[in-house]
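Trainee: Please take one spot in this chain and look at it closely. Then work outwards from there, with the cut-offs stated as you go.

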Amino acid sequence: MAKRQDTNKLFENLSGAGKSIGVLTSGGDAQGMNAAVRAVVRMGIYVGAKVYFIHEGYQGMVDGGDNIEEASWESVSSMLQVGGTVIGSARCKEFRSHEGRLKAAHHLVQRGITNLCVIGGDGSLTGANLFREEWTGLLEELVQQSLIEEEAAQNNSELHIVGMVGSIDNDFCGTDMTIGTDSALHRIIEVVDAIMTTAQSHQRTFVLEVMGRHCGYLALVSALACGADWVLIPEMPPEDGWEERMCQKLSENRSRGSRLNIIIVAEGAIDRQGKAITVDNVKDLVVSSLGFDTRVTILGHVQRGGTPSAFDRILASRMGVEAVLALLEASDSTPACVVSLCGNQAVRLPLMECVQMTQDVQKAMDEKNFEEAVRLRGRSFENNLNTYKLLSYHKADSELRNSSFNVAVLNVGAPAAGMNAAVRSAVRVGITEGHKMFAVNDGFEGFYKGQIKEIKWGDVAGWTGQGGSILGTKRTLPAKHFDKIAEQIRIHNINALLVIGGFEAFECLLQLYEARTSHEDFCIPMCMLPATISNNVPGTDLSIGADTSLNAIVETCDRIKQSASGTKRRVFIIETMGGYCGYLASVGGLAAGADTVYIYEEPFDIRDLQSNVEHLTEKMKTGIQRGLVLRNENSNENFTTDFINQLYSEEGKGVFDCRKNVLGHMQQGGAPSPFDRNFGTKIAAKAIQWISRKLKESYKDGKVFANTEDTACLLGMRRRTMAFQPVVHLKDETDFAHRIPKEQWWLKLHPLMKILAKYKTSYDVSDSGQMEPVTRVRPKKAD
């Protein structure tokens, strides 16, 4: 979307003075709702509006009284890391009646609340829209019944509504992710990882039921993320005769040496006739057909519980701020909107169009038009389903088409969680495409030493959940070893390269591309997938591994903050990794509720440090008596973590004491998060399909010859699309001295952290979502 040109559209010009905003959570709870409430309250107060909690959802609005209370800045402190919803949620029958809505309108007018921020599912949002449509009529009735004055009706004549979707099922059309979905996936994957170890010990089959009455998103993505053998979802019931095919697949996997099977069933799973498929049906089938020792686990409400993931906190904080901006800009002519995420960008969509589309999915399923149901679910759902299909079925060698191409996969740079999921996906999609896949150990160092061997379908079983890099990875660049690398390419007849890694991987691809003039062996298709916790690779908004690392940082910050609850008046100074890239510190700070973040991209001096200390001193006078400061490891060579710790300790004497914490390599370890497993799996599959196309295009006279710019690419996520970009084009976008891109999208999130920590700052709203229609036709894929 083009940036807005109108210069009066400045954040500073948006004032909430004289406005009152009510915030409520409704319907089923979801992790991250509290982060959204916190962002709405703080952003609202920041722009000068009054903000009210409406407790217990619509029920509280109907009942009035103490259920509607004014919120203060401090009242949302410590909410960020709490699951569920602190202000309560309830399903409210009364609000569905005209009398109920009349009472609700009366209670809002009494407090002058004409802006509502509703966090809930499609039912809650539909209710809000109906309320808005009836508003004028409700006020007229209240005047007739002498419950309000005519003047009050005129002062509150317009009701504005903005929705945020909080639902663990991710069942709302128009948005890629709803608040709570990522956290629910975390719960599911934690359980699956734990079950896998016991299943392996006893050679068992496990059938797991996950939530999703009408939407198979959780089942589908968790199946992708753990490499499940079979998945059953309502949108895409299995073809008739699936029972036999499933049992055949389970026994094939066992015969290949696998000691376990995992089957994931959405609670709303059905067959082609619309008959329910339950976990017990599936268990009985496996036992009777195969005689495998089979157990059932129903995850139930575990999926709704627990602390929100880093992704959900950031999503909810971004959406909360965007919701307040949307309310400030709303007029009587703008339709009720929902703020949502498309790719990596905040967007505003007409609420009722999204609701209509969500209902159309159900209609398509009722009419057994399943392809249409999947299409309406949106591109994110469709991509997941297509990737799962690609990876799920291993044909017999005789059935595979033979492309006679050899493709090598290697990891470069530091290990990042999710690399193994990407390698597994690449190997299996490559084999399905008919290629021979080769694994290179220890990056380009292993390459020039000849540590290259063929890798088969079964070799990558169980890799998705493994952290680090199983292939091994080194930072060695190819430049000094061109001749030996070229020789190995000839020996093994390598026709294409897939390099998975961080900034070094980008440099490697550039070197190989530039050496094509002197080494014809490098004239083969080459693709790079960004995988680094630092998220410092040009050409992509996100890298494999960064999400896992953020979760490690946020989890530790939560614990550290908790440790201060007994001591009071304590400030923690925490050092994060990232080289010169402030992504982990800045975005981690937003997710953990930091007071200040120091990053290289935003230079700071002693005056800034002084004002930060004063800011914390003021904060200690309130009820919130602890502080959190994050510092990127290379943010400033002189203002080290020790220096900042000593400065804060000295300046805060008598007011607060300080502790410092260097998080170190725990940020690099651990099992990959669901996001990283899924992201790695999807982009590796996409990369192999690109490699297959390029191989066909560049195969002439019995050999592969690819020397154009567009045959050495990086596959990255750019705002809304996945794009293949020639590495040579990304050279100008890169600061090689500091190993970071010259422009980084997440710097726009940095002011959010400051606003939510009560700093006066400028916030760029030029990118802030204008209302867009909901696209039913998918955008063309960027290639």
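Mentor: Gly502 sits in the loop between strand S16 (496-501) and helix H17. Helices and strands here are DSSP runs, H or I of at least four residues for a helix and E of at least two for a strand, numbered from the N terminus. This is a predicted model, in which local features need pLDDT of at least 70 and side-chain atom pairs count only at pLDDT 80 or more, while totals for chains, interfaces and linings use all residues. Residues are numbered from 1 along each chain as its sequence is written, and side-chain values use heavy atoms, with hydrogens and water left out.

Gly502 counts as buried, because its relative accessibility is 4%. The scale is simple: buried is under 20% relative accessible area, exposed is over 50%, and partly exposed is in between (1.4 Å probe, protein chains only). Who surrounds Gly502? Not counting residues up to four places away in sequence, Gly502 touches Val412, Met528, Ala531, Thr532 and Val537. Contact means heavy atoms within 4.5 Å. For scale, the C-alpha atoms of Gly502 and Phe311 are 21 Å apart, with their positions 191 residues apart along the chain.

Take Met528 next. Met528 belongs to strand S17. Its relative accessible area is 0%, so Met528 is buried. Beyond four places in sequence, Met528 is in contact with residues including Val499, Gly501, Gly502, Ala505, Phe506 and Leu509. Val537, Cys713, Leu714 and Leu715 are also among the contacts of Met528. The C-alpha atoms of Met528 and Gln362 are separated by 39 Å, at 166 residues apart along the chain.

One contact of Met528, Phe506, leads to the aromatic rings. How many aromatic pairs are there? The structure holds 17. Rings of Phe, Tyr and Trp (its six-membered ring) pair if their centres lie within 6.5 Å; planes under 30 degrees apart count as stacked, over 60 as edge-to-face and the rest as tilted. Phe506 and Phe736 are one such pair, stacked, with 6.0 Å between centres and 10° between planes. The pair links distant parts of the chain, 230 residues apart: Phe506 is in helix H17 (residues 503-514), and Phe736 is in the loop between strand S26 (734-735) and strand S27 (740-741). Phe506 is buried, because its relative accessible area is 0%. Phe736 is partly exposed, because its relative accessibility is 31%.

Another stacked pair is Trp690 with Phe724, 5.1 Å centre to centre and 10° between the planes. This pair also joins distant parts of the chain, with Trp690 in helix H22 (residues 674-698) and Phe724 in strand S25 (residues 721-726), 34 residues apart. Trp690 counts as buried at 2% relative accessibility. Phe724 is buried too, with a relative accessible area of 10%. Elsewhere, Tyr58, Phe95, Phe131 and Trp135 form one aromatic cluster.

Back to the loops. After strand S17 (526-530) and before helix H18 (546-563) comes the loop that holds Leu542. Leu542 is buried, because its relative accessibility is 12%. Leaving out residues up to four places away in sequence, Leu542 touches Pro530, Asn535, Tyr583, Phe675, Phe679, Met717 and Trp745. From Leu542 to Ala417 the C-alpha separation is 13 Å, though they are 125 residues apart along the chain.

Now the empty space. How many cavities of 30 Å³ or more does a search of the whole structure find? It finds 1. On a 1 Å grid over the protein atoms alone, a cavity is a set of points where a 1.4 Å probe fits but cannot get out, and lining residues have an atom within 4 Å of a point. Grid points are joined across faces, edges and corners, and a volume is the space filled by probe spheres set on the points. The largest cavity encloses about 50 Å³. Its lining includes Val165, Met177, Leu315, Met319 and Leu341. Helix H10 (310-329) and strand S10 (337-342) each give two or more residues to that lining. S10 supplies the largest share, 3 residues.

Finally, backbone outliers. Most residues other than glycine have a negative phi. Asp442 has a positive phi of about 60°. Lys758 has one of about 75°.

Technical notes:
1 Å grid on protein atoms, 1.4 Å probe; cavity = no way out; pocket = protein on both sides within 12 Å on 5 of 7 lines; lining within 4 Å.
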